[in-house]
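Please open the structure in your viewer and keep the selection panel at hand. The stops below are meant to be followed in order, with a selection to make at each one.

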Amino acid sequence: MLMTVQDFETAARMRIDPVHADFIAGGAGDEITVRANEEAFRRLRLLPRVLRGSAERALDISVLGSRARTPVLLSPTAFHKLVDEEGEAATARAAAAAGAIMIVSMASTVAVEDIAAAAREAGEHGDPPPLWFQLYIQPDLGFTEALVRRATDAGCAALVVTVDSPVRGAHERDLRNGFLDLPPGLRCEHMVDPREGGRVHPIAMSPVISWEHIDWLRGTTSLPILLKGALHPEDARLAVRHGVDGLLLSNHGGRQLDTVPATVELLPEIAAAVAGRIPIVLDGGVRRGTDVVKALALGACAVGIGRPVMWALAAGGEKGVRRLLELFREELDHALALCGASGVRGLPPDLVRAPAWGPA
Ligand code: FNR
């Protein structure tokens with residue numbers, strides 16, 4: 001029975017190629033940050049209040065104009081067709097049914113137009129929450145602008161610009177396994193260049209991308225822009241100054257620079273730096289309803305999940321992802337009730353006892 005995120009991982013591993021399981025689970029270098037993300041949540045303690053609960057907990061959120069029925073959103077992950085025939089279309093149907101925001105990866109194996117159509121088809125309770133689109137700014141700004149327009153026309157309601165990837169992370173498991181490219185028949189649908197008769201470009205991760213590019217993007221689109229992967233408080237302040245609308249506090253699930261701190265460990269500092277001026281979404285190591293409560297109490301307005309979605313999709317396709325999102329909802333609601341909270345908004349930081357951070 002699939003009762004925990006860990007169960008989904010176990011079930012997924014029984015169904016997929018071990019090389020692909022390594023691609024999902026793995027990270028950069030010694031995977032110190034991969035482990036740190038989960039460990040940091042485990043080391044935080046909840047300190048509940050009593051005699052002040054409510055019969056029902058409100059789990060809905062509104063962030064940058066997007067409304068969702070849960071604060072758990074789907075962080076962008078590449079290559080869903082590696083683990084499920086329908087790929088991102090199946091994921092999008094599950095997210096829409098759960099009322100969860102899905103961030104479409106630029107490296108998706110289904111085109112954003114088809115993902116949006118799948119989400120619309122599955123929205124059960126009125127309109128499903130909108131999709132957001134994750135972008136690696138390409139040095140070819142004409143191509144980047146065309147892609148932004150494509151995502152906008154497809155109905156995406158925000159852009160999530162990943163800025164922690166000036167070069168590709170060193171994924172040693174993939175190198176050892178010789179997993180360097182998508183298998184034949186699969187491709188990154190957003191990298192097909194119509195100007196060149198359908199040639200598929202590799203995604204460029206470029207160290208020359210700078211704040212000037214963020215300014216350029218700011219002038220190109222009226223969609224809200226979130227930065228994904230800024231970790232230093234000074235960069236969080238710069239983001240506000242450059243007109244960025246939100247932060248996705250993320251270390252790429254430990255897949256870029258190894259040995260950076262766990263995201264939840266950085267959250268109080270980042271929250272202090274932005275001082276409520278822009279919303280913060282956090283991802284990395286969120287595996288339990290209690291993790292969601294901790295992140296929200298420390299200043300995030302929502303959390304993202306990456307690997308759990310891939311495991312659930314691999315384990316059970318659309319149904320698997322639906323069940324995963326239900327599980328997070330049940331666990332979150334239960335944890336909130338036990339904390340004496342009436343919902344996900346306005347959780348106080350004193351709900352969390354932090355250890356003095358140091359080596360685990
Ligand atoms: C990712 N992540 C990612 N991030 C991004 O900005 N663009 C992308 O295309 C991808 N692709 C991707 C693939 C896979 C298989 C994984 C596991 C991750 C990072 C992702 O958005 C997120 O930051 C982390 O996955 C969050 O950590 P957890 O929930 O996996 O611990």
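**A tour by selection**

Begin by selecting Gly99, which follows helix α4 and has a positive phi, near 70 degrees. Bear in mind throughout that this is a predicted model.

From Gly99, step back to α4 itself and select residues 88-98. Is this helix enclosed or open? Of its 11 residues, 10 are buried, so α4 is largely enclosed by the rest of the structure. The buried set consists of Glu88, Ala89, Ala90, Thr91, Ala92, Arg93, Ala94, Ala95, Ala96 and Ala98. To see what these buried residues pack against, add β4 (72-74), β5 (102-104), α5 (112-122) and α12 (307-338) to the selection.

Next, clear the selection and pick strand β7, residues 159-162, where Leu159 and Val161 point one way while Val160 and Thr162 point the other way, all of them being buried. Now add a strand that pairs with β7, namely β6 at residues 131-135, which runs parallel to β7 and is joined to it by 3 bridges; within this pairing, Leu135 stands opposite Val161. If you also show helix α6, residues 141-153, you will have the right-handed β-α-β unit that β6, α6 and β7 make.

Keep β7 on screen and select strand β10, residues 225-228, which pairs with β7 in the parallel sense over 4 bridges. Here the residue to label is Val160, whose bridge partner in β10 is Leu226.

The next stop is His252, which the UniProt annotation "active site", from an unreviewed entry, covers. Where does His252 lie? Its place is the loop between β11 (246-249) and α10 (263-274). His252 has 23 other C-beta atoms within 10 Å, and therefore counts as buried, the cut-off being 20 or more. Leaving aside residues up to four places away in sequence, His252 touches Asp164, Gly169 and Gly229, which can be added to the selection as a group.

Finish at the ligand by selecting the residues around it. Which residues are closest to the ligand? Among the 23 that surround it, the closest are Ser75, Thr162, Gly253, Gly306 and Arg307. Thr162 has already appeared on this tour as one of the buried residues of β7. Colouring the shell around the ligand by class will give 7 nonpolar, 12 polar and 4 charged residues.

How values were computed: Residues are numbered from 1 along each chain as its sequence is written. This is a predicted model: local features need pLDDT of at least 70, side-chain atom pairs count only at pLDDT 80 or more; totals for chains, interfaces and linings use all residues. A residue is near a molecule or strand if its C-beta atom, placed from the backbone, lies within 6 Å of it. Ala, Val, Leu, Ile, Met, Phe, Trp, Tyr, Cys and Pro count as nonpolar, Asp, Glu, Lys and Arg as charged, and the others, Gly among them, as polar. UniProt positions are given in the numbering used here, feature names are shortened, and annotations may be inferred rather than shown by experiment. Helices (H or I, at least four residues) and strands (E, at least two) are DSSP runs, numbered from the N terminus. A residue is buried if 20 or more other C-beta atoms lie within 10 Å of its own, exposed if 12 or fewer, and partly exposed in between; C-beta atoms are placed from the backbone. Two residues are in contact if their C-beta atoms, placed from the backbone, lie within 7 Å. Two strands pair if DSSP finds at least two bridges between them. A crossover is right-handed if, with the strands pointing away from the viewer, the path from the first strand over the helix to the second runs clockwise.
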